[in-house]
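Trainee: Could you take me slowly through one part of this structure, and show me how that part connects with what surrounds it? I would like to look closely at the salt bridges and then at the strands and the core around them.

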Amino acid sequence: MAAAAPPPAPTPTPAPPVEHQPNPTPLTTFVRIRLATPSDVPFIHKLIHQMAVFEKLTHLFTATQESLSSTLFNSPPFTSFTVFILEVSPNPFPIATTHPTQTLFSPIVTLVNLDLPIVDDDSEGFKIVGADGSEVYVGGFVLFFPNYSTFLGKPGFYVEDLFVRECYRRRGFGKMLLSAVAKQAVKMGYGRVEWVVLDWNVNAIKFYEEMGAKVLQEWRLCRVTGDALQAYGD
């Protein structure tokens with residue numbers, strides 16, 4: 001008669017699940033603001049389109065890479081249309097080959113401590129690979145150009161577009177871009193920096209007011225474009 005099989009070993013008590021604890025140490029991200037060059041046009045074009053989507057104005061978006069290339073870089077920076085690009089990188093920025101226009105503006109590099117990492121689902125579409133294999137990512141841009149105040153008797157800057165990609169918002173990057181424009185205005189002895197904001201964008205209005213901007217309720221933007229503009233050519 002065969003011996004009885006020994007009883008099975010007791011099942012070990014499962015360990016209690018380990019709760020995920022957020023890393024209390026801020027993450028360091030390198031941020032750079034620099035002058036755009038013609039090689040940035042594909043990124044600028046995509047950023048403008050994303051801005052049109054955000055503002056629900058895609059029906060007015062007709063810009064192409066070709067039209068941007070033929071108009072944005074015909075004059076020295078700050079004398080006409082000028083673009084600052086905001087880049088982010090988990091590593092220090094490499095020393096890049098200097099573009100001729102870069103001598104007019106020293107890139108602004110800042111270290112930003114983040115509580116959580118940035119999750120960029122569109123990183124491949126905004127990646128710049130350096131000659132040394134380094135990777136940086138375009139996070140936003142600001143486009144501005146000179147105007148003039150007869151009351152002040154001084155030129156100023158008009159900001160046409162300020163845009164930060166969604167995954168990079170609420171981290172101070174928009175403030176960095178706008179501050180770079182204001183700093184350049186002060187450096188050049190200009191009298192003001194101005195722009196317009198959509199009245200439904202209450203977050204942007206609050207942000208601008210916190211930066212010291214005065215929202216002029218009594219002014220209205222007037223625009224002649226499309227067929228109304230072409231009629232003057234007849």
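Mentor: Let us start with a term: a salt bridge is a side-chain nitrogen of Lys or Arg within 4 Å of a carboxyl oxygen of Asp or Glu. Please keep in mind throughout that this is a predicted model. The structure holds 7 salt bridges, and the one to look at closely is where the side chains of Arg 165 and Asp 120 meet, with 2.5 Å from N to O. This pair links distant parts of the chain, since Arg 165 sits in the loop between β6 and α3 while Asp 120 sits in the loop between β3 and β4 (127-129), 45 residues apart.

Is Arg 165 buried or exposed? Arg 165 counts as buried because its relative accessibility is 3%, where buried means under 20%. Asp 120, at 15% relative accessibility, therefore counts as buried as well.

Other salt bridges can be set beside this pair. Lys 127 forms a salt bridge with Glu 124, the closest N and O atoms being 3.1 Å apart, and Lys 127 also forms one with Glu 135, where the closest N and O atoms are 3.7 Å apart. Glu 124 is exposed, because its relative accessible area is 58% and exposed means over 50%, whereas Glu 135 counts as partly exposed at 34% relative accessibility. Elsewhere, Arg 32, Arg 34, Asp 40 and Glu 87 are joined into one network by salt bridges that share partners.

Now let us return to Arg 165 and follow the strand that comes before its loop. β6 pairs with β5 in the antiparallel sense, over 10 bridges, and in this pairing Val 164 of β6 is the bridge partner of Gly 140. The two strands form a hairpin with 4 residues between them, and Gly 153 in the turn has a positive phi of about 70 degrees. β6 is also joined by 2 bridges to strand β7 (residues 193-194), and these two strands run parallel; here Tyr 158 has Glu 194 of β7 as its bridge partner.

Val 164 leads us on to the core, for it is one of the residues in contact with Phe 173, along with Val 31, Leu 86, Val 88, Val 112, Ile 118 and Tyr 168, when neighbours of Phe 173 within four places in sequence are left aside. The largest nonpolar core has 27 residues, and Phe 84, Phe 144 and Phe 173 touch the most other members. At least two residues of this core come from each of β1 (27-35), β2 (82-89), β3 (108-114), β5 (135-149), β6 (154-164), α3 (173-187) and α4 (202-210), and the largest share, 6 residues, comes from α3. Apart from this core lies another, of 16 residues, among them Leu 68, Leu 72, Phe 126 and Phe 163.

On the surface, by contrast, Phe 54, Leu 198 and Trp 200 form a nonpolar patch with about 260 Å² of accessible area together. Phe 54 belongs to helix α1 (residues 41-54), and Phe 54 counts as partly exposed because its relative accessibility is 34%.

Finally, we can place these details in the whole chain, which has 5 helices and 7 strands. Buried residues make up 32% of its 234 residues. Among contacts between residues at least 6 apart in sequence, 74% join residues at least 24 apart, and the pair of Arg 165 and Asp 120, 45 residues apart, likewise links distant parts of the chain.

Note on methods
Residues are numbered from 1 along each chain as its sequence is written. This is a predicted model: local features need pLDDT of at least 70, side-chain atom pairs count only at pLDDT 80 or more; totals for chains, interfaces and linings use all residues. Side-chain values use heavy atoms; hydrogens and water are left out. A nonpolar core is a set of buried Ala, Val, Leu, Ile, Met, Phe, Trp, Tyr and Cys residues joined through side-chain atoms within 4.5 Å. Buried means under 20% relative accessible area, exposed over 50%, partly exposed in between (1.4 Å probe, protein chains only). Contact means heavy atoms within 4.5 Å. Patches are made of residues with over 30% relative accessible area and no salt bridge: like charges are joined within 9 Å, nonpolar side chains (Val, Leu, Ile, Met, Phe, Trp, Tyr) within 5 Å. Accessible areas come from the Shrake-Rupley method with a 1.4 Å probe; for residues, only the protein chains shown count as cover. Two strands pair if DSSP finds at least two bridges between them.
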